[in-house]
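Me: I am new to this structure and would like a close look at a single part. Please choose one inner space, then lead me outward from there, explaining the terms as you go.

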Amino acid sequence: MEIKILGMGCAKCQILWKNTQTAVQELGLDAQLEKVEDLQQIIQYGAMQTPALRVNGKIILSGQTPTPQRLKELLLQAKER
């Protein structure tokens with residue numbers, strides 16, 4: 001599973017990064033996590049708001065900082081697709 005956190009490094013971006021790491025670890029997912037802070041790359045990925053969460057090439061969340069529990073739900077849904 002490829003997971004990218006899209007954001008310029010703001011506090012909300014850092015929260016999403018930490019919560020995503022926690023969710024991945026708790027689920028025991030085989031995932032590659034990456035931070036993308038380059039604005040041009042973020043725009044190319046189609047993120048209209050940051051922070052955004054991109055999983056396997058698709059943005060599944062934007063402009064929010066969900067809890068690790070909610071992220072686990074989103075990641076499991078994304079994995080099933």
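Reply: **The cavity and what surrounds it**

Happily, there is one cavity of 30 Å³ or more in this structure. A cavity here is a set of points, on a 1 Å grid over the protein atoms alone, where a 1.4 Å probe fits but cannot get out. This is a predicted model, in which local features need pLDDT of at least 70 and side-chain atom pairs count only at pLDDT 80 or more, while totals for chains, interfaces and linings use all residues. Residues are numbered from 1 along each chain as its sequence is written, and side-chain values use heavy atoms, leaving out hydrogens and water.

The largest cavity has a volume of about 60 Å³, where volume is the space filled by probe spheres set on the points, with grid points joined across faces, edges and corners. Around the largest cavity you will find Ile5, Leu6, Gly7, Gly9, Cys13, Gln14, Trp17, Lys35 and Glu37; a lining residue has an atom within 4 Å of a point. Strand E1 (2-6) and H1 are the elements that give two or more residues to this lining. H1 gives the most, with three residues. Helices (H or I, at least four residues) and strands (E, at least two) are DSSP runs, numbered from the N terminus. By type, the lining of the largest cavity has four nonpolar, three polar and two charged residues. In that scheme Ala, Val, Leu, Ile, Met, Phe, Trp, Tyr, Cys and Pro are nonpolar, Asp, Glu, Lys and Arg are charged, and the others, Gly among them, are polar.

Let us look next at the loop between E1 and H1, where methionine 8 is found. Apart from neighbours within four places in sequence, methionine 8 is in contact (heavy atoms within 4.5 Å) with Cys13, Glu37, Leu39 and Ile42. Cys13 and Glu37 were also among the lining residues of the largest cavity. The C-alpha atom of methionine 8 is separated by 7.8 Å from that of threonine 50, 42 residues apart along the chain. Threonine 50 leads to proline 51 through a cis peptide bond, with omega near -5°. Proline 51 itself is in the loop between helix H2 (39-44) and strand E3 (52-55).

Now follow H1, which spans residues 11-27. Asparagine 19, a residue of H1, counts as buried because its relative accessibility is 16%; buried means under 20% relative accessible area, exposed over 50%, and partly exposed in between, with a 1.4 Å probe and protein chains only. Leaving out residues up to four places away in sequence, asparagine 19 touches Pro66, Thr67, Pro68 and Leu71.

How do H1 and H3 cross? Their axes come within 8 Å and cross at roughly 65°, H3 being residues 68-80; axes are lines fitted to C-alpha atoms over the stretch in contact, and angles run from 0 to 180 degrees between N-to-C directions. Among the residues of H1 that meet H3 are Leu16, Asn19 and Thr20, and the H3 side includes Pro68, Leu71 and Leu75. This contact divides into eight nonpolar, three polar and two charged residues.

Past H1, leucine 29 sits in the loop before strand E2 (32-36). Leucine 29 counts as buried because its relative accessibility is 14%. Leaving aside neighbours within four places in sequence, leucine 29 is in contact with Met1, Val24, Leu75 and Lys79.

Note on methods:
On a 1 Å grid over the protein atoms alone, a cavity is a set of points where a 1.4 Å probe fits but cannot get out, and a pocket is an open set with protein on both sides within 12 Å along at least five of seven lines; lining residues have an atom within 4 Å of a point.
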